[in-house]
Amino acid sequence: MSRRVSVVSLRGLSKEFSRGGVVALQNIDLEIAPGEFVSLIGPSGCGKSTLLRVIGDLVEPTGGEVVVNGKSARQARLDRDYGIVFQDAVLYDWRTVAKNIALPLEMGGWNRGRRRARVGEMIELVELGGFEGHHPWQLSGGMQQRVSIARALSFDPSLLLMDEPFGALDEMTRERLNMELLRIWERARSTIVFVTHSISEAVFLSTRVVVMSARPGQITGVVEVDLPQPRNAETRGEPRFFELVTEVRERLRAGGLDTAGEGGEEELIAAEEGL
């Protein structure tokens with residue numbers, strides 16, 4: 001049987017920010033197979049978001065190799081192989097929900113009829129029927145993130161990159177969106193790479209949790225999550241769930257949970273890009 005090509009392949013990856021000579025990532029090796037849900041977790045400033053941005057060709061690595069769908073990260077971006085969702089929904093207030101979702105399709109040259117049909121599918125997927133004509137400022141934070149997810153999936157990317165998309169939400173909304181995301185993942189069949197600071201969120205969502213050390217960020221362990229699918233509210237009360245949460249927490253401690261250097265990676269990225 002032939003081996004499936006990894007959606008993401010990282011080999012010897014490193015990233016050093018030129019301003020200050022800060023090493024954000026060092027010797028990262030990671031393979032992500034089609035259909036996986038992989039969470040990245042580690043201390044603040046350990047390089048989780050930097051790693052996600054390297055995969056998405058938003059930050060250029062200093063060394064090593066990044067392959068996405070068998071091609072360079074740059075080519076994968078040009079070929080629109082991935083969608084990305086940030087902590088902020090980043091929606092255009094003057095565009096309706098439907099028009100926000102349709103934006104990548106407009107840029108991709110889809111005709112009006114095809115766009116309308118695809119937007120309808122995405123509205124149904126994220127369960128926002130009846131809100132097509134609303135503007136972002138008329139929606140809750142959770143609903144805005146669902147629009148952002150729908151937009152990122154609208155052109156059917158094989159890879160979805162998510163950088164703490166629920167970090168700013170209250171706990172109840174966050175848990176509800178966790179379950180909705182798993183439903184969307186199951187239906188869309190995309191591969192997801194997900195950055196989070198929450199151990200329980202990482203375990204609940206993932207097929208694997210990648211644990212990173214304090215800066216310079218390195219992979220100190222990978223926890224296979226063998227919780228059955230589909231997952232629901234009861235999953236969080238299962239003994240195996242608590243065992244996996246404990247395993248991730250122990251690996252974080254072993255990797256220097258409380259020893260992150262000063263300055264978060266967002267500040268380093270902004271400085272590097274001259275923002």
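This section describes a buried strand, a buried helix and one buried leucine in a predicted model.

Strand 3 spans residues 37–41. Five of its five residues are buried, so the strand is largely enclosed by the rest of the structure. Its side chains alternate: F37, S39 and I41 point one way, while V38 and L40 point the other way. Two strands pair with strand 3 in the parallel sense. One is strand 8 (residues 191–195), joined over four bridges. Here L40 has V195 as its bridge partner. The other is strand 9 (residues 208–212), also joined over four bridges. In strand 9, R208 is the bridge partner of V38.

Helix 3 covers residues 97–107. Eight of its eleven residues are buried, so this helix too is largely enclosed by the rest of the structure. The buried residues are V97, A98, N100, I101, A102, L103, P104 and L105. Their cover includes helix 4 (112–125) and helix 5 (141–153). Just after helix 3, G109 adopts a positive phi of about 85°.

L25 lies in strand 2 (residues 22–32). Its relative accessibility is 0%, below the 20% cut-off, so L25 counts as buried. Beyond its neighbours within four places in sequence, L25 is in contact with L13, S14, K15, C46, G47, T50, L51, V54, M212 and G217. Among these partners, C46 is 21 residues from L25 in sequence. The C-alpha atoms of L25 and C46 are 7.8 Å apart in space. Another partner, M212, belongs to strand 9 (residues 208–212), which pairs with strand 3.

Notes: Residues numbered from 1 in each chain as written. Predicted model: local features only at pLDDT ≥ 70, side-chain atom pairs only at ≥ 80, totals over all residues. Heavy atoms only, no water. Buried < 20%, exposed > 50% of the residue type's maximum accessible area, 1.4 Å probe, protein only. Contact = heavy atoms within 4.5 Å. Pairing = 2+ DSSP bridges.
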